[in-house]
Amino acid sequence: MARRSPLTLGLAAILAAGLAQAEPVGDAARGDTAFRDCSGCHQIGSGAADGIGPHLNGIFGRRAGAHEGFPYSASMTRAGVDGLTWDFRTLDAYIENPRALVSKTRMSYRGMKDAQARADLIAFLRRFSDNPSNIPEAAPTARGTDHAVAPEILAIQGDPDYGEYLSSECVSCHQVDGSANGIPSITQWPEEDFVVAMHAYKNRLRPHPVMQMMAGRLADEEIAALAAYFKALE
Amino acid sequence: MTLDRRGFLAATVATAASLSAPAVLADGHGKPRVVVIGGGAGGATAARYIARDSKGAIDVTLVEPTRSYFTCFFSNLYIGGFTELDDIGHTYGTLAAKYAINVVHDWAVDVDRSARTVSLAGGAVLPYDKLILSPGIDFVEDAVPGWSLAAQNAMPHAYKAGSQSELLKAQIMAMPQGGRFAMVAPPNPFRCPPGPYERISMVAHVLKQINPTAKILLIDPKEKYSKQALFEEGWDRHYPGMIERLGPDFGGETVSVDPAAMTVDIDGTVEKVDVCNVIPAQQAGRIAHLAGVTDGRWAPVNAADMSSKADPDVHVLGDAAAQGDMPKSGFAANSQAKVCAMAVRGALTGSKVFPAKFTNTCWSLIAPEDGVKVGATYEATEDRIAKVDGFISDTGEDAVTRRATYEESVGWYAGITADMFS
């Protein structure tokens with residue numbers, strides 16, 4: 001396997017940005033080991049081909065669901081169309097909890113909870129991208145943070161009556177009968193999925209500008225209320 | 001953190017002023033009565049939400065002259081050939097059958113606010129406890145010298161959808177090869193800020209197919225307009241050399257027309273045109289003026305519940321209202337209607353009232369699968385509906401994003417019309 005050294009690329013970007021130093025993203029050697037979690041489905045490096053999952057060469061800067069010829073889920077394709085692009089921050093969130101970013105992804109991976117392990121894995125993946133963008137060596141911005149929704153937020157019991165009132169904002173676009181024509185259905189989602197997805201919009205991890213705006217002004221209780229209301233719809 | 005429902009609701013409504021005992025209805029009639037005038041995005045939504053959520057506790061009458069209502073939103077797409085006229089026409093049968101709304105197809109011709117009655121052209125008098133006015137727009141007389149409603153066949157406005165949209169489209173289809181289409185755009189504020197420019201895009205799209213040497217003259221009294229950078233970029237890309245815009249610096253403010261001669265006088269320069277789409281300056285629909293709730297051209301309202309500043313028992317929705325930062329759009333009227341419906345139910349039946357929230361998004365189509373959007377969220381403040389946050393499509397977006405935006409607009413159309421009529 002031919003592996004490109006991240007050092008040259010990283011340095012060039014740092015100098016371009018006029019920054020004195022950047023925190024390394026993680027330990028690529030440890031990430032190589034962590035990649036065993038992925039290698040059952042994903043290949044990487046020279047000669048890598050698509051398998052159960054798409055190969056991961058050049059993943060940085062690639063639009064989600066955009067690797068030619070791979071049969072992505074509708075959810076992943078939509079995320080890409082909405083503007084989801086793989087960079088440090090989005091990969092970190094996706095690896096941590098795939099459904100938080102892409103609700104109905106076909107990737108049947110439960111998620112990697114340990115932030116350092118994810119950073120190591122991303123440092124490893126990064127070696128196979130010619131043009132990594134928005135990752136700590138290139139632009140030391142979004143160091144891995146905890147993308148999980150805090151348990152106390154997930155534990156909020158939503159009030160479906162309040163959710164019904166709040167839902168009047170949603171149903172100008174999302175139809176309550178579950179039709180999905182250009183705009184996805186949000187009816188009968190599992191509450192946790194709903195809450196996680198809305199917080200991902202609120203934190204601007206999910207890319208859609210209307211949804212970022214709508215979720216951005218909803219309090220935790222309001223998101224819980226909406227989740228309870230839409231879950232219970234017939 | 002866990003909250004029990006009672007504690008949570010108490011916290012939520014602590015700041016909402018109108019959580020109060022039901023209004024006392026002194027004159028001895030049975031159920032409280034709401035009359036809604038206008039069956040568009042504001043009125044149909046308000047009637048539907050009040051009737052649905054009060055579960056029979058409130059009598060709702062909806063007064064709308066037309067039996068088949070054509071939405072102004074998406075009527076430009078009809079002109080561009082992206083939808084059929086029938087697909088933007090809606091009827092009121094479901095509102096009557098499913099929610100027991102008393103749908104009256106008549107014109108409201110007077111409001112007596114002291115007697116709390118509405119008179120209809122057919123002679124009926126409807127008493128109300130709460131009146132909701134959602135009459136849309138009327139044109140300001142003599143706004144474009146030479147043009148009047150009597151001239152709307154020669155020079156259509158097509159800014160109330162239906163037969164006017166059909167007429168304008170027919171005129172565009174019949175233009176001579178290499179002919180000239182002119183639009184006189186309105187001054188602010190007016191219904192659907194990107195509407196005239198989406199229409200220019202749709203006319204250009206049609207002419208590009210059937211009449212590629214035709215020209216489009218856009219005469220505009222405004223310095224700037226909605227989504228301007230996006231439209232200009234799109235016109236350069238899809239319709240190069242076809243569209244000329246004359247802003248106020250080039251006489252766009254000083255325009256008169258002669259419908260008999262089919263000429264437009266732009267600050268002294270007379271231009272012969274083949275089709276002339278005149279969109280005059282606008283004001284609240286006539287019934288709002290007759291009801292005495294307007295101040296100048298529009299009806300000022302309180303942001304928290306869309307009630308008239310002149311009368312707490314009259315609410316004004318949508319294009320007719322002077323409310324603050326929201327644009328005059330179907331989306332905005334639909335959003336305001338839900339806030340109003342909640343407040344009206346609260347006042348009449350004591351149901352819960354939550355703090356008002358408003359949203360708007362306006363999608364525009366520039367060319368096939370080239371959609372753009374602008375939107376914002378709003379809140380009620382003491383003096384107006386105030387913008388909180390917003391976004392707009394970027395110039396230079398790729399084709400995938402633009403197609404998704406267009407598809408989203410189609411989904412929105414299905415969503416909002418279901419929210420009004422189903």
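**Where the parts touch**

In this predicted model, 34 residues of chain B are in contact with 28 residues of chain A. There's a second meeting place to look at too, inside chain A, where nine residues of domain 1 are in contact with eight residues of domain 2. Let's take them one by one.

**Chain B's side of the contact with chain A**

- Several elements of chain B each supply at least two residues of the side that touches chain A, and the helices among them are H1 (5-13), H9 (330-349) and H10 (399-421).
- Strands S22 (357-367), S23 (370-380) and S24 (385-392) of chain B also each supply at least two residues of that side.
- Which helix gives the most here? That's H10(B), with 13 residues.
- If you sort the residues on chain B's side by character, you get 16 nonpolar, eleven polar and seven charged.

**The two domains of chain A**

- The domain assignment splits chain A into domain 1, covering 6-126, and domain 2, covering 151-232.
- How far apart do the C-alpha centres of domain 1 and domain 2 of chain A lie? The answer is 27 Å.

**Domain 1's side of the contact with domain 2**

- Look for helix H4 (88-96) and helix H5 (98-101) of chain A, since each supplies at least two residues of the side of domain 1 that touches domain 2.
- H5(A) gives the most to this side of domain 1, with three residues.
- By character, the residues on this side of domain 1 of chain A come out as four nonpolar, three polar and two charged.

Note on methods. Residues numbered from 1 in each chain as written. Chains lettered and ligands numbered in written order. Predicted model: local features only at pLDDT ≥ 70, side-chain atom pairs only at ≥ 80, totals over all residues. Domains from an automatic or database assignment. Contact = placed C-beta atoms within 7 Å. Helix = DSSP H or I, 4+ residues; strand = E, 2+ residues; numbered from the N terminus. Nonpolar A, V, L, I, M, F, W, Y, C, P; charged D, E, K, R; others polar.
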